[in-house]
Amino acid sequence: METIRERLEEDLRTAVGRLRQMGGAVAVEDVPGAIGDNSPFADEVDEIQANERREIGFATRELLVGRVNRLSAALDRLNDGEYGTCVECEEPISPTRLQALPEVQTCVRCQDRIERLGRQFDQDEDEVETVSDDE
Ligand SMILES: [Zn+2]
């Protein structure tokens, strides 16, 4: 049977490997303003697609970096005997939750609260440019 430690180590290897794979290609596109307001794109569709590709690459990379950090933190906590305890409220995290997401550091309740806070911060960036036809 696979132990939590083996699972964490394997997930960590996989995430680091994927990050290394995409590292080179994404690094160039990460530079803010590389495709900026004075875009040389004549075709707006090309510009939108380039932006989407850049955002997907960036988001995936951010997710992987976050995953790597969480997995190594989880291994640290395993070594310290703190694994499975919520870092926010210090209540035990449910075994079902740990089985589904071995790298989590918070219980469902705290995770919920954190995600709600995160969404509040995100909302400022969610403004969508709308094109209006009536003048
Ligand atoms: Zn908690």
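This passage describes the fold of a predicted model and then several of its residues.

The protein chain of the predicted model comprises four helices and zero strands, and the pattern read along the sequence is accordingly written α-α-α-α. Of the 135 residues of the protein chain, 24% count as buried.

Charged residues at the end of helix α2 and in the segment that follows were examined next. A negative surface patch is formed by D76, D80, E82, E90 and E91. Of these residues, D76 is placed in helix α2, which spans residues 44-80, and D76 counts as partly exposed because its relative accessibility is 49%, a value between the limits of 20% and 50%. E90, another member of the patch, is located in the loop between α2 and α3, the latter helix covering residues 95-100. With a relative accessibility of 64%, E90 lies over the 50% limit and therefore counts as exposed. The backbone of E90 is also notable, since its phi is near 65°, a positive value in a residue other than glycine; most residues other than glycine have a negative phi.

R77, like D76, belongs to helix α2, but the side chain of R77 is found in a setting of another kind. R77 is buried and yet has no salt bridge. The nearest side chain of opposite charge is that of E82, at 4.2 Å from R77, and because a salt bridge requires a side-chain nitrogen of Lys or Arg within 4 Å of a carboxyl oxygen of Asp or Glu, this pair is not counted as one. E82 is itself one of the residues that form the negative surface patch. A polar atom of the R77 side chain does, however, lie 2.5 Å from the backbone oxygen of T85.

Elsewhere in helix α2, V65 has a relative accessibility of 30% and therefore counts as partly exposed. V65 and V16 are separated by 49 residues in sequence, whereas the distance between their C-alpha atoms in space is 8.2 Å.

A further polar side chain was considered in the loop between α3 and α4, the latter helix comprising residues 108-122, where T106 is located. T106 has a relative accessible area of 6%, which is under the 20% limit, and so T106 is classed as buried. The side chain of T106 makes a polar contact with the side chain of Q111, at a distance of 2.8 Å.

Note on methods: Residues numbered from 1 in each chain as written. Predicted model: local features only at pLDDT ≥ 70, side-chain atom pairs only at ≥ 80, totals over all residues. Heavy atoms only, no water. Patch = residues over 30% accessible without salt bridge, like charges linked within 9 Å, V, L, I, M, F, W, Y side chains within 5 Å. Areas by Shrake-Rupley, 256 points an atom, 1.4 Å probe, with all protein chains shown as cover. Lys, Arg positive; Asp, Glu negative; His and termini not counted. Charge placed at Lys NZ, Arg CZ, Asp CG, Glu CD. Helix = DSSP H or I, 4+ residues; strand = E, 2+ residues; numbered from the N terminus. Buried < 20%, exposed > 50% of the residue type's maximum accessible area, 1.4 Å probe, protein only. Polar contact = N/O pair within 3.5 Å; in protein donor to acceptor, adjacent residues only side chain to side chain.
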